[in-house]
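Trainee: I would like to take a close look at a single part of this model, and I would be glad if you could walk me through it in one connected account.

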Amino acid sequence: AIRKAMVAGNWKMNGSLELVKQMSDAINDVKSQEMDIVLFPPFPLVPAMIASGVSTGAQTVSENTPGAFTGEVDGQLLKDLGATYVLVGHSERRSIYNESNETVAEKFARAQEVGLTPILCVGESESEQENGQTEQVVAAQIDAVIEKLGVAALKDSVIAYEPVWAIGTGKTASPEQAQTVHKFIRDKIAALDSTLAQGLSILYGGSVNEKNSELLFAQTDIDGGLIGGASLKAESFTAICNSAK
Ligand code: 2PG
């Protein structure tokens, strides 16, 4: 493969110190040079996850620098603690917490400013998909970052395509359906910078499990996965990691 595979586990608002221990033991057994495995636990578990030796990211980050922002978490603090990645624009952040494409681009910028690698999550809703707007929606989500920071900013980032209708629903995009959108994303970026596009990791997310991961990961433009529910079970998550090797 041209690009190193990546398997990311988004715990959302789940998990415990006990699960950090269980999951890190399991991951430390399957880790390999050929692949990056990263877990995204809730903020309070970030230091314990880092201490366990597993690459760790946060599920979101403030777009602001330190100051009077009660309840928010600063990227520099996450970086100083040893976090390496941060999700920006997960569909739950966009829909439940009203994050706009512009806010997501600001979070992306702040992440890079402090040396965290942003994973930019994009994807269309069910009605947008039914109306044939998938490419338009995904393009606008990516363009917000390009307009703010220039295409070069995508070099030190990862994109995760997650059709909203597939998240936590048990419905997965078929490997061919997902590949089509991944290729659209890569071609779109290649039109601006082909070398960058060839090196860019594009992950698939949305009801990925140990039964469907292998075929998804076998697609040319799918470089790994962003796993939600199945990242809470050591057996499932490690099986998914092994299928990315
Ligand atoms: C999502 C995915 C991964 P799930 O929210 O996109 O974060 O969750 O695998 O549970 O559908």
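In S8, which residue is the bridge partner of Ala8?

Mentor: The bridge partner of Ala8 in S8 is Leu226, and, bearing in mind that this is a predicted model, we can build the surroundings outward from that pair. Strand S1, which spans residues 5-10, and strand S8, which spans residues 224-227, run parallel and are joined by four bridges. This pairing belongs to a barrel, into which eight strands close in the order S1-S2-S3-S4-S5-S6-S7-S8, with parallel pairing. From one strand to the next, the twist averages 25°. As a general point, the strands of a sheet pair through backbone hydrogen bonds, either parallel or antiparallel.

Ala8 also has contacts besides its bridge partner: setting aside residues up to four places away in sequence, Ala8 touches Val38, Phe40, Ile119, Leu203, Leu226 and Ile227. The largest nonpolar core has 66 residues, and Ala8 is listed among those with the most contacts inside it, together with Val7, Val86, Val88, Ile119, Ile159 and Tyr161.

Several of those names lead to S5 and its partners. Strand S5 covers residues 117-122 and strand S4 covers 85-88, and helix H5 (residues 101-113) lies across both of them, running at about 175° to S4. S4 and S5 run parallel and are joined by four bridges, with Pro118 in S5 as the bridge partner of Val86. S5 pairs with strand S6 (residues 158-161) in the parallel sense, over four bridges, and here Val122 stands opposite Tyr161 in S6. Because five of its six residues are buried, S5 is largely enclosed by the rest of the structure.

Returning to the S8 side, Leu226 and Ile227 are both among the residues around the ligand, a group that also includes Asn10, Glu162, Val208 and Gly228. By class, this shell consists of four nonpolar, seven polar and one charged residues.

Ile227 in turn leads to Ile240, which lies in helix H11 (residues 234-243). Leaving aside its neighbours within four places in sequence, Ile240 is in contact with Val7, Val208, Glu210, Ser213, Gly225, Ile227 and Ala230. Ile240 counts as buried because it has 28 C-beta neighbours inside 10 Å, where 20 or more are required. As for Ser213, its C-alpha atom is separated from that of Ile240 by 6.1 Å, although the two residues are 27 residues apart along the chain.

How values were computed:
Residues are numbered from 1 along each chain as its sequence is written. This is a predicted model: local features need pLDDT of at least 70, side-chain atom pairs count only at pLDDT 80 or more; totals for chains, interfaces and linings use all residues. A nonpolar core is a set of buried Ala, Val, Leu, Ile, Met, Phe, Trp, Tyr and Cys residues joined through C-beta atoms within 7 Å. A residue is buried if 20 or more other C-beta atoms lie within 10 Å of its own, exposed if 12 or fewer, and partly exposed in between; C-beta atoms are placed from the backbone. Two residues are in contact if their C-beta atoms, placed from the backbone, lie within 7 Å. Two strands pair if DSSP finds at least two bridges between them. Helices (H or I, at least four residues) and strands (E, at least two) are DSSP runs, numbered from the N terminus. Axes are lines fitted to C-alpha atoms, for helices over the stretch in contact, and angles run from 0 to 180 degrees between N-to-C directions. A residue is near a molecule or strand if its C-beta atom, placed from the backbone, lies within 6 Å of it. Ala, Val, Leu, Ile, Met, Phe, Trp, Tyr, Cys and Pro count as nonpolar, Asp, Glu, Lys and Arg as charged, and the others, Gly among them, as polar.
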